[in-house]
Amino acid sequence: MNVLAIVTVALVSLLYLWTIYNLPTLVIGLLHAGRRKDYGGISLDEGALLTVSIIVAAKNEDKVIGRLLRSLLELKYPRSKMEIVVVEDGSSDRTAEICREYARSHPDLVKFYHRDESRGKASALNYGLSASSGELLAIFDADNVPEKDILLKAARYFEDGNVAAVQGVTRPLNRDQNSLTKLSSFEETAWFRIYMIGKERLRLFVPMTGSCGFVRRDALNTVGGWDEDSITEDVELAVRLVKEGYAVRYAPDAVSWQEYPSTLKQLFAQRTRWFRGYLETSAEYASLIFRRNLKCLDAEFTLSGPLVLGICFISYWIALANLLNPTILPESFVALFLGSATILTLTTFFICGVAVASLSKPQRFANLGWILAVFGYWILQTFIAFQALVEFTVRRPPTWVRTEKTGVVTEPSLKFTVNQRMRISDGF
């Protein structure tokens with residue numbers, strides 16, 4: 001057996017292992033998909049509710065920051081038990097002006113802090129942590145529009161004293177902006193409505209996603225706040241909390257709406273940072289696999305996702321090369337091994353494409369184009385992951401790159417309300 005054949009077997013074996021490991025999570029997620037907790041209207045027992053500090057780190061977000069602040073002011077939570085802390089991080093647009101006016105108009109709720117020099121999101125969050133006082137920290141990105149009862153629903157999970165953090169659901173504001181936002185929304189729907197549900201039901205590792213997250217202050221202080229050297233400070237924090245024995249829960253009923261990338265440039269920047277951050281965190285906490293703890297082991301499997309995507313990209317090229325020149329992999333069982341993995345992937349995403357096509361409205365023959373679109377989107381993701389894997393391997397210095405926001409809203413149920421908020425925000 002030649003060297004390429006050995007490498008191929010090793011790579012494809014990792015793909016099979018990762019797929020088999022995640023299968024129970026996906027099955028459980030599918031069985032419980034769409035179920036949201038019902039608290040029967042949620043009683044407002046003010047004495048039992050924890051105080052909440054909402055921290056917003058913002059830089060050059062004048063297209064969306066006013067919309068978020070208006071949404072936060074409309075949340076259903078006792079005003080005596082909440083505060084909004086905005087850390088504006090060296091913006092060059094009107095972000096500081098908009099935030100400062102909200103703080104002036106609502107001094108009892110909104111605290112505004114300006115920093116001349118930007119040192120990244122994690123640094124801004126730590127600044128907000130030191131400037132706030134709530135028992136819980138709620139984190140929202142500037143493009144979010146949280147549902148009005150989100151704090152009430154998230155707070156219920158912290159009735160369990162061992163719960164240190166809760167990750168809510170983010171849904172797309174601009175799903176129908178173009179084909180890319182629609183594909184991204186399908187991907188995120190699968191992540192939140194299937195994969196994360198499965199992890200929650202099996203009590204496995206729940207990764208934080210950077211927005212619509214809630215953390216208990218004392219636990220955050222115990223682990224040292226957000227890591228300012230990490231480009232994915234959200235998932236890195238979740239790993240540290242789990243490492244220290246805390247529980248991180250998933251709240252499928254705590255919902256916030258946000259903008260998804262609408263251009264390939266935005267998608268590349270966002271996913272490259274995500275994938276590179278996952279790989280960096282996986283390497284930093286590799287020792288977790290030696291702990292006799294399923295949640296710690298699952299954290300490493302979760303963080304290895306970009307590695308698996310990168311291996312997929314490599315395997316596809318090996319398969320194509322072998323198809324064009326069968327002598328590259330002379331051993332028939334190796335070719336069969338690689339071919340079966342390729343066929344499995346193609347079949348899986350053909351099924352996903354059919355599902356997307358059937359869900360697209362109105363029903364028409366042209367919807368079958370989503371079959372090719374889903375597969376193309378998958379190939380794109382594997383390429384981005386491969387690029388991140390190369391950058392990680394050659395130790396290219398990681399950088400935190402923000403995703404540009406446009407303020408576009410296409411979700412029918414929110415379009416009128418959000419546009420109305422934007423008009424109010426623009427006029428302060």
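## Cysteines

C312 is buried, its relative accessible area being 8%, where buried means under 20%, exposed over 50% and partly exposed in between, for a 1.4 Å probe and protein chains only. C296 is also buried, at 1%. The whole structure contains zero disulfides, a disulfide being a pair of cysteine sulfur atoms within 2.5 Å.

## Basis of the model

This is a predicted model, in which local features need pLDDT of at least 70 and side-chain atom pairs count only at pLDDT 80 or more, while totals for chains, interfaces and linings use all residues. Residues are numbered from 1 along each chain as its sequence is written, and side-chain values use heavy atoms, with hydrogens and water left out.

## Nonpolar cores

The largest nonpolar core (buried Ala, Val, Leu, Ile, Met, Phe, Trp, Tyr and Cys residues joined through side-chain atoms within 4.5 Å) has 44 residues. Those with the most contacts inside this core are F205, L220, W226, L237, L241, V248 and Y250. Helix α8 (residues 233–243) gives the most to this core, six residues; helices are DSSP runs of H or I with at least four residues, strands are runs of E with at least two, and both are numbered from the N terminus.

Beyond its neighbours within four places in sequence, W226 is in contact (heavy atoms within 4.5 Å) with A122, L125, N126, L129, I139, L220, E233, L237 and R240. A second, separate core has 42 residues, including A58, L73, V163 and A254.
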